[in-house]
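Work through the exercises below with the structure in view. Try each task before reading its solution.

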Amino acid sequence: MDPDKAIGKPFTLWCAFAKFYEHHGDVANARIIFQKATEARHKYVDDLAHVWCEWAEMELRHSNFKRALDVVTRAITPTPRPARMTPEEERALPVADRVYRWAGVLPGRKGWGGGSGRGLL
């Protein structure tokens with residue numbers, strides 16, 4: 001699916017599909033769906049961020065705290081890139097390569113916001 005041509009919010013389909021499996025007790029397949037959703041192309045950074053958050057929240061609902069932290073860590077881990085980029089070059093990057101900016105909003109993690117109380121978890 002081409003997110004640029006889609007009407008609506010395609011990422012919600014991924015999340016609903018994963019929740020379908022979760023609500024039927026199949027968390028393993030829900031994880032597979034979330035993994036595929038994170039690899040899919042998204043139009044906006046917020047769309048992909050929503051998928052990562054939904055995945056982490058699912059893990060938290062099932063008391064899989066380490067997995068939830070692993071999911072968030074993967075979401076904010078930057079991909080290798082040149083040291084300096086112009087704003088235009090950065091905007092041209094795929095959405096998945098721009099989610100790393102979340103690194104400054106996670107509380108209590110060294111280098112991830114310094115425990116300021118803001119954040120996702």
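**Exercise 1. Overall make-up**

What percentage of the 121 residues of the protein count as buried? Then list the secondary structure.

Solution. Keep in mind that this is a predicted model.
- Step 1: A residue counts as buried under 20% relative accessible area. The buried share comes to 31% of the 121 residues.
- Step 2: Count the elements. The protein has five helices and zero strands. Read from the N terminus, the order is α-α-α-α-α.
- Step 3: Turn to the surface. About 7800 Å² is exposed, and carbon and sulfur atoms supply 57% of it.
- Step 4: Look at contacts with a separation of 6 or more. Residues 24 or more positions apart account for 43% of them.

**Exercise 2. The nonpolar core**

Find which residues touch the most other members of the largest nonpolar core.

Solution. Start from a general tendency.
- Step 1: In soluble globular proteins, nonpolar side chains tend to be buried together.
- Step 2: The largest nonpolar core here has 17 residues. A18, F34, V51, W52, W55, M58 and V71 touch the most other members.
- Step 3: Assign the core to elements. Those that give two or more residues are α1 (10-23), α2 (27-39), α3 (45-61) and α4 (65-76). The most comes from α3, with six residues.
- Step 4: Zoom in on W55. Leaving out residues up to four places away in sequence, W55 touches R31, F34, Q35, T38, V71 and R74.

**Exercise 3. One helix up close**

Check the length of α2 against its expected span. Then decide how its buried residues are placed around the axis.

Solution. Begin with the length.
- Step 1: α2 has 13 residues, and at 1.5 Å a residue it should span 18 Å. The end C-alpha atoms of α2 are 19 Å apart, which agrees.
- Step 2: List the buried residues of α2. They are V27, A30, R31, I33, F34, A37 and T38.
- Step 3: These residues cover an arc of only 160° around the axis, so they lie on the same side of α2.
- Step 4: Ask what covers them. The cover includes α1, α3 and α4.

**Exercise 4. Salt bridges between helices**

How many salt bridges does the count come to? Describe three of them, with the burial of each partner.

Solution. The cut-off is a side-chain nitrogen of Lys or Arg within 4 Å of a carboxyl oxygen of Asp or Glu.
- Step 1: The count comes to four salt bridges.
- Step 2: Take E54 and K19, whose side chains meet at 3.1 Å, N to O. This pair links distant parts of the chain, with E54 in helix α3 and K19 in helix α1, 35 residues apart. E54 has a relative accessible area of 9%, so E54 is buried. K19 is at 29%, so K19 is partly exposed.
- Step 3: Take R61 and E22, which meet at 2.8 Å, N to O. R61 lies in helix α3 and E22 in helix α1, so the pair ties together parts that are 39 residues apart in sequence. R61 is partly exposed at 44% relative accessibility, whereas E22 is buried at 8%.
- Step 4: Take R31 and E59, with 2.6 Å from N to O. R31 sits in helix α2 and E59 in helix α3, 28 residues apart. Both R31 and E59 are buried.

Note on methods. Residues numbered from 1 in each chain as written. Predicted model: local features only at pLDDT ≥ 70, side-chain atom pairs only at ≥ 80, totals over all residues. Heavy atoms only, no water. Core = buried A, V, L, I, M, F, W, Y, C linked by side-chain atoms within 4.5 Å. Buried < 20%, exposed > 50% of the residue type's maximum accessible area, 1.4 Å probe, protein only. Helix = DSSP H or I, 4+ residues; strand = E, 2+ residues; numbered from the N terminus. Contact = heavy atoms within 4.5 Å. Expected span 1.5 Å × (residues − 1). Arc of directions from axis to C-beta. Areas by Shrake-Rupley, 256 points an atom, 1.4 Å probe, with all protein chains shown as cover.
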